[in-house]
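Below is a short note on the model you sent, set out as numbered points. Please read it with the coordinates open.

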Amino acid sequence: MENDTVLYEVIYASLVSLGMVLVTVTLHYWTLFGLSELLKRWKQRFRGEILIVVIAMFAAHMVEITLYGWVYLMLDNSDTAMNIGGAVDGSFLDHLYFSAACYTSLGLGDLFPMGTLRLIAGVEALNGLILITWSASFAFLVMQRRWRF
């Protein structure tokens, strides 16, 4: 019975992780696609374009972090099977902070995942790394193509 419960939790955490990757990658794709289309429409180039790009990408990352924060809040059931441990009071702010630490690969410190929540936290770190790198590549291309000295 114990092994069945662990297997169920691993499958559940894997499906949640996969779902979050699909949602955040899709959100990021549409954000960058929208920015690309917006830049195509502007005939007059100006250096402030990169500010708009960076602010929009930052906003997309914050939405993605917040989505993971909500997932952690919903899954944190205060037992060792799926829980965030450490100096946590159970508020959404704690879960948002934990999500930001995972997404940015800042590392684990005062808050840490327990049980199968570790799988979701690990996937979020990889997901964040990929999306941040994608944003940096997009910003580089915008700078290279549109910012002339």
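1. Where is the place of Ser105? Ser105 sits in the loop between α3 and β2, the latter covering residues 111-115. The model is a predicted one, and this applies to every point below.

2. The backbone of Ser105 deserves a look. Its phi is near 55°, a positive value in a residue other than glycine. Ser105 comes after α3 in the chain. With a relative accessibility of 44%, Ser105 counts as partly exposed, because that class lies between the 20% limit for buried and the 50% limit for exposed.

3. Overall layout. The protein has four helices and two strands, and along the sequence they are arranged as α-α-β-α-β-α. Along the principal axes, the C-alpha atoms occupy a box of roughly 65 × 30 × 20 Å. Of the contacts between residues at least 6 apart in sequence, 74% join residues at least 24 apart.

4. Surface and burial. The accessible surface comes to about 8,900 Å², and carbon and sulfur atoms account for 70% of that area. Of the 149 residues, 35% are buried.

5. Helix α3 (residues 92-103). For its 12 residues, a rise of 1.5 Å a residue gives an expected span of 16 Å, and the end C-alpha atoms are 16 Å apart, so the two values agree. The buried residues of α3 are Asp94, His95, Phe98, Ser99, Ala101, Cys102 and Tyr103.

6. His95, in α3. Is His95 buried or exposed? His95 has a relative accessible area of 1%, which is under the 20% cut-off, so it counts as buried. Setting aside neighbours within four places in sequence, His95 is in contact with Gly69, Tyr72, Leu73, Asp76, Ile84 and Gly90.

7. The largest nonpolar core. This core has 14 residues, and those touching the most other members are Val16, Tyr72, Leu75, Ile84, Phe98, Leu117 and Ile120. Helices α1, α2 (49-75), α3 and α4 (117-146) each give two or more residues to this core. The largest share, four residues, comes from α2. Two of the residues named here, Tyr72 and Ile84, are also among the contacts of His95.

8. The second core. A separate core of nine residues includes Leu39, Phe138, Ala139 and Val142. Phe138, Ala139 and Val142 are among the buried residues of α4.

9. Helix α4. Its 30 residues should span 44 Å at 1.5 Å a residue, and the end C-alpha atoms lie 43 Å apart, so expectation and model agree. The buried residues of α4 are Leu117, Ile120, Ala121, Glu124, Asn127, Gly128, Leu131, Ser135, Phe138, Ala139, Val142 and Arg146. Of these, Leu117 and Ile120 are named in the largest core.

10. A nonpolar patch on the surface. Which residues make the nonpolar surface patch of about 500 Å²? The patch is made by Leu7, Ile11, Leu15, Leu18 and Leu22. Ile11 belongs to helix α1, which covers residues 2-41. The relative accessible area of Ile11 is 44%, between the 20% and 50% limits, so Ile11 is partly exposed.

Methods: Residues are numbered from 1 along each chain as its sequence is written. This is a predicted model: local features need pLDDT of at least 70, side-chain atom pairs count only at pLDDT 80 or more; totals for chains, interfaces and linings use all residues. Side-chain values use heavy atoms; hydrogens and water are left out. Patches are made of residues with over 30% relative accessible area and no salt bridge: like charges are joined within 9 Å, nonpolar side chains (Val, Leu, Ile, Met, Phe, Trp, Tyr) within 5 Å. Accessible areas come from the Shrake-Rupley method with a 1.4 Å probe; for residues, only the protein chains shown count as cover. A salt bridge is a side-chain nitrogen of Lys or Arg within 4 Å of a carboxyl oxygen of Asp or Glu. Buried means under 20% relative accessible area, exposed over 50%, partly exposed in between (1.4 Å probe, protein chains only). A nonpolar core is a set of buried Ala, Val, Leu, Ile, Met, Phe, Trp, Tyr and Cys residues joined through side-chain atoms within 4.5 Å. The expected span of a helix is 1.5 Å times one less than its number of residues. Contact means heavy atoms within 4.5 Å.
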